[in-house]
Amino acid sequence: MKTSFVAGRGDPHTVNADLHCHSLMSDGTLPPAAVVERAAAQGVEVLALTDHDNLGGIAEAADRAGELGLAFVPGVEVSVTWGGETIHVVGLNVDPQDPVLREGLANTRAGRDARAVEIGERLAAAGIDGAYEGALRYVGNPALVSRTHFARFLVEEGVCRDVSDVFSRFLVEGRPGFVPQRWAAMDEAVGWIRCAGGQAVLAHPGRYRLGRLQRDAMIGDFRDAGGVGIEVVSGSHSVSQYAEYARVAVEFGLLASRGSDFHGPGESHVELGQVPPLPDSVVPIWHDWELAA
Ligand code: AMP
Ligand code: MN
Ligand code: MN
Ligand code: MN
């Protein structure tokens, strides 16, 4: 039976909600069930699995969460292009069977393989052979080849010391292995999430290379499209960004979300459930959720 998740728990700010993480179904390193087990062991009380552009890990994660008595939220992280910049929009409490969301995600994924082949070609031109085949060895879901898989291969090859070093030297704009990609439009991605009964949340807003005016225009477009939440406390944010995006949440009338953006042990510097609580000034997006726990 579904009941109000926060009823009887007092202040929702004290609930350990981790609403952003990845499994092998995208660019995480653990199977979905193992992500759930690890979250439970870390004291997470409500967990959303939010793999990039696909819902393939939801059923396994939901089953394991049911066995462990952990409140589970089906989620997704959709790749969006806004103003030439890649933006990530998280969908929470989406119906994984919704045909509109499923088709939108399928279309979003469609270009990934050709892009990966081209990344391999560009890296070969830069003197690194076999990167496409090498990246595929790290892929858990053939429909979801990501830059992260290339990064792991280059670390394994000893080309770079860690994944973030690979990104800055090879995989971002202006670097030899970068291939531009046009993802979903903001209003499309938010529309699919809403159609699937979910809440759209702007992921790690502190990470985008947008000036203040552009950033506010982007958040305005996100809200106009029906977006309702923003990540305030994220594994991708600095401590000063927690305060900055708490102010932005209040200014734009958005609910606040919290997530580690965990990708795997060793690689992620932030563990599941181990980011600070949301500041008191914001309303946690889970404040009125009804969840089976
Ligand atoms: P893709 O969707 O293939 O473009 O890959 C995006 C993923 O790459 C993100 O979800 C992150 O997991 C990872 N990523 C992006 N930038 C960096 C970075 N600077 N350092 C480490 N990982 C990154
Ligand atoms: Mn990722
Ligand atoms: Mn992201
Ligand atoms: Mn993520």
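Student: Is histidine 20 buried or exposed, going by its relative accessibility?

Tutor: This is a predicted model, and the values below are computed from it. Buried stands for under 20% relative accessible area. Histidine 20 has 0% relative accessibility, so the residue counts as buried.

Student: Which protein atoms are the donors of the manganese ion (ligand 4)?

Tutor: Donors are N, O and S atoms within 2.8 Å of the metal. For the manganese ion (ligand 4), the protein donors are NE2 of His20, NE2 of His22, OE of Glu77 and OD of Asp261, at 2.1 to 2.2 Å. Along the chain these donors follow the spacing H-x1-H-x54-E-x183-D. Histidine 20 and aspartate 261 link distant parts of the chain, 241 residues apart: histidine 20 is in the loop between β2 (17-18) and α1 (32-41), and aspartate 261 in the loop between β8 (255-259) and β9 (290-291). Aspartate 261 is buried too, at 8% relative accessible area.

Student: What are the protein donors of the manganese ion (ligand 3)?

Tutor: Glu77 (OE), His88 (ND1) and His204 (NE2) are its protein donors, 2.1 to 2.2 Å from the ion. Their spacing along the chain is E-x10-H-x115-H. Here histidine 88, in strand β5 (residues 85-92), and histidine 204, in the loop between β6 (199-202) and α9, link parts of the chain 116 residues apart. Both of these histidines are buried.

Student: How far from the manganese ion (ligand 2) are the manganese ion (ligand 4) and the manganese ion (ligand 3)?

Tutor: The distance from ligand 2 is 4.4 Å for ligand 4 and 5.4 Å for ligand 3.

Student: How many salt bridges does a search of the whole structure find?

Tutor: Side chains of opposite charge can pair when their charged atoms come close. The search finds 14 salt bridges in the whole structure. One of them joins aspartate 261 to arginine 207, with the closest N and O atoms 3.9 Å apart. Arginine 207 is in the loop between β6 and α9 and aspartate 261 in the loop between β8 and β9, so this pair ties together parts that are 54 residues apart in sequence. Aspartate 261 is thus a donor of the manganese ion (ligand 4) and a salt-bridge partner of arginine 207. Arginine 207 is partly exposed, with a relative accessible area of 46%.

Student: Which residue meets arginine 215 in a salt bridge?

Tutor: Glutamate 244 does, at 2.7 Å from N to O. Arginine 215 lies in helix α9 and glutamate 244 in helix α10 (residues 239-252), so the pair is read as a link between distant parts of the chain, 29 residues apart. Arginine 215 is buried, at 7%, while glutamate 244 is partly exposed, at 25%.

Student: Where do glutamate 67 and arginine 64 lie, and by how much are they separated?

Tutor: Both are in helix α2 (residues 58-68), and because they are 3 residues apart, about one helical turn separates them. They form a salt bridge whose closest N and O atoms are 2.5 Å apart. Glutamate 67 is exposed, at 58% relative accessibility, and arginine 64 is partly exposed, at 22%. Together with Glu37, these two residues are linked in a network of salt bridges.

Student: Which residues gather in a patch of negative charge on the surface?

Tutor: The patch comprises Asp187, Glu188, Asp221 and Asp224. Helices α8 (186-195) and α9 (212-224) each supply at least two of its residues. Glutamate 188, placed in helix α8, is partly exposed, with a relative accessible area of 39%.

How values were computed:
Residues are numbered from 1 along each chain as its sequence is written. Chains are lettered from A and ligands numbered from 1 in the order in which they are written. This is a predicted model: local features need pLDDT of at least 70, side-chain atom pairs count only at pLDDT 80 or more; totals for chains, interfaces and linings use all residues. Side-chain values use heavy atoms; hydrogens and water are left out. Patches are made of residues with over 30% relative accessible area and no salt bridge: like charges are joined within 9 Å, nonpolar side chains (Val, Leu, Ile, Met, Phe, Trp, Tyr) within 5 Å. Accessible areas come from the Shrake-Rupley method with a 1.4 Å probe; for residues, only the protein chains shown count as cover. A salt bridge is a side-chain nitrogen of Lys or Arg within 4 Å of a carboxyl oxygen of Asp or Glu. Lys and Arg count as positive and Asp and Glu as negative; His and the chain ends are not counted. The place of a charge is taken as NZ of Lys, CZ of Arg, CG of Asp or CD of Glu. Helices (H or I, at least four residues) and strands (E, at least two) are DSSP runs, numbered from the N terminus. Buried means under 20% relative accessible area, exposed over 50%, partly exposed in between (1.4 Å probe, protein chains only). Donors are N, O and S atoms within 2.8 Å of the metal (3.2 Å for Na, K and Ca); water is not among the atoms, so sites may look incomplete.
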